[in-house]
Amino acid sequence: MFWADKIAASTQGDSVVNDSKTPSGRVHVGSLRGVIVHDTIYRALKRAQKPVRFLYGIDDYDALDGIPAYLDSNRFQEYLGQPLCNVPSPGEGASDYAKYYSDEFFEVFEELGVRPEIYYLRDLYRQGRLNSYIETFLQKAHLVREAYKQVSGAERAENWYPFHPICENCGKIATTVVSDYNGKEVFYTCKPDAMSYVQGCGHSGWVSPFDGQGKLPWKVEWVAKWDLLGVTIELAGKDHSQKGGSRDVANAIYRKVFDKRPPFHSPYEFILVGGTKMSSSKGVGASAREVANLLPPELLRFLMLRTQPKTAINFSPNYETITRLFRDYDAAIEKYGCLSGEEQQGDLSKDLMALLYSQLDDQIQPYYPFDFSTLISLLQVPHLDMEAEVAKRSPQALTELDQQVVRQRIEVAQKWLDDYADPEEKLILYVDEIPESVAALDEQQRQYLGELATRLEQLSDWEGETLQTEIFTTTKQLELPPKLAFPAVYQSFLGKERGPKAGNLLSYLERPFVVQRLREVAEGQGSAVS
């Protein structure tokens, strides 16, 4: 059984699935994993016909704790330590910093078919919906201190209270420390040394903690959200799920203060780019917007779902990774298409369930999966009508859906070539001239190219696999090692020793051109050899 269906099968009564994000900068693609994991649990519960809501919160009362490298640090330096919703927007179209980055993230949600009920922490605080929780935690601060100490070993002073007012003098929320509570107001100090990244102003005084004049520490705030919103399912990333970590502390607070069972939890792993965890506030890694602009939504969901949540995903949009992603997706589509109608409506394997939950509407529509790596190569051949070329190479007439998928993939392949391909991954096809590098070919290689030209000219068809077989057969006939034969072919057309599958490369080109080029190089044209 698929992991999300297992969770759905174990639930009783109404379910509320919750996830959230601090919009500290351009949201990286890694944050989409939690989004897709929670959305899939929500879909699994709906599929099981169980009552469920899906909530997504923006933690915009968190402090600005760093300035991303892509922003003007001078402009935002004065706002460090202030609530994100009180920081000016970096660009047009949004009222503030938090809205600017969360709106971009929500555009990606819509494209991925993720449609939760969205809420903002600023509203929960300012509308007074968290007032009763603030009062409870201030009155039972000793229980919160006990939870921290017992679970994580963190000591809190006896006059420490779980609340951070917004400083009346400097507007910071990160540097304020509460040391007393009289039942109506808290006494705080905006400490100069409270945080390493910003200094407090030193102001102190009494202030009401209610109606948005401050916030709970996030582990305590987490508990308040669970209870206020009725959350029953909320997973967390591996960094929050270590023994004695953030989730354990929040669970202990919930039990101690409210005597309630915490929501269902299971950790999920990170998405890495080149083996490195990404950070929104540091501007590290590919953004969710950029990756969503590259990959079709079903492929992006599939990237998240084909791997168990507890296993890390190492994603980098290089040639090997992106072509393998398309290949694996197409293999799943083909496998599903081979099932009978009855089998398609029955219990699907885990890989096909991942495919099902990758669809925007939970309906799999089989199509002809034209190889994505071939598209990348075809796009680099001059003067090709791409759609006509795909239709010519397809073993069957393309349906309207097939053509739609092909057009989408042509756009993806072109964008990948324009924005992500390394120079060595791009083909520079020498059409009008012979590469100078053929001068390094020896007599055996030239003899091979001449014999290959003769054999290719006589072939009955011009398909990639047929050409690949002929290339190999010719090496055996002349007893030339492939490590010498293949570079000779690539040098003749690309001016380098490596390239895409040689048979496919030649199949993209017209037969007369290929035969002529091979003979020209074999005869020493384009080099100092005569």
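Axes here are lines fitted to C-alpha atoms, for helices over the stretch in contact, and angles run from 0 to 180 degrees between N-to-C directions. Helices (H or I, at least four residues) and strands (E, at least two) are DSSP runs, numbered from the N terminus.

This is a predicted model, in which local features need pLDDT of at least 70 and side-chain atom pairs count only at pLDDT 80 or more, while totals for chains, interfaces and linings use all residues. Residues are numbered from 1 along each chain as its sequence is written, and side-chain values use heavy atoms, with hydrogens and water left out.

**Exercise 1. Describe how helix H11 packs on helix H14.**

Step 1: find the geometry. H11 covers residues 297-305 and H14 covers residues 350-358; their axes come within 8 Å and cross at roughly 140 degrees.

Step 2: name the arrangement. That angle makes H11 oblique to H14 (under 35 degrees counts as roughly parallel, over 145 as roughly antiparallel, 65 to 115 as roughly perpendicular and the rest as oblique).

Step 3: pick out the residues. Glu298, Arg301, Phe302 and Leu305 of H11 meet Ala354, Leu355, Tyr357 and Ser358 of H14, where contact means heavy atoms within 4.5 Å.

Step 4: sort them by class. The contact of H11 with H14 has five nonpolar, one polar and two charged residues. Here Ala, Val, Leu, Ile, Met, Phe, Trp, Tyr, Cys and Pro count as nonpolar, Asp, Glu, Lys and Arg as charged, and the others, Gly among them, as polar.

**Exercise 2. Work out how H12 and H17 run relative to each other.**

Step 1: take the angle and the distance. H12 (residues 319-337) and H17 (residues 400-419) pack at about 165 degrees, with axes 12 Å apart.

Step 2: apply the cut-offs. H12 and H17 are therefore roughly antiparallel to each other.

Step 3: look at the contact. H12 brings Tyr319, Ile322, Phe326, Tyr329 and Asp330, and H17 brings Arg409, Val412 and Trp416. By class, the contact of H12 with H17 has six nonpolar, no polar and two charged residues.

**Exercise 3. Lay out the sheet that contains S1, S2 and S3, and place H8 on it.**

Step 1: set the order. The three strands form an open sheet, S1-S2-S3, with parallel pairing (two strands pair if DSSP finds at least two bridges between them).

Step 2: find the edges. S1 (15-21) and S3 (117-120) are the edge strands, each pairing on one side only.

Step 3: check one pair. S1 and S2 (residues 52-58) are joined in the parallel sense over seven bridges, and Ser15 stands opposite Val52 in S2.

Step 4: add the helix. H8 packs on the sheet and touches S1, S2 and S3, its direction making about 145 degrees with that of S1.

**Exercise 4. Find the edge strands of the S5-S6-S7 sheet.**

Step 1: read the order. This open sheet of three strands runs S5-S6-S7, with antiparallel pairing.

Step 2: look for missing neighbours. S5 (176-181) and S7 (204-207) each have a single partner strand, so one side of each is left without a neighbour in the sheet.

Step 3: inspect the S6 side. Four bridges join S6 (residues 186-190) to S7, and Phe187 stands opposite Trp206 in S7.

**Exercise 5. Decide where to read the model with care.**

Step 1: start with the chain. Its mean pLDDT (the predictor's confidence in each residue, from 0 to 100) is 92, and 97% of its residues reach 70 or more.

Step 2: locate the weak stretch. Over residues 275-285 the pLDDT is below 50, and this stretch has 32 contacts in the model beyond near neighbours in sequence.

Step 3: draw the lesson. Where pLDDT is low, the predicted coordinates should not be read in detail.
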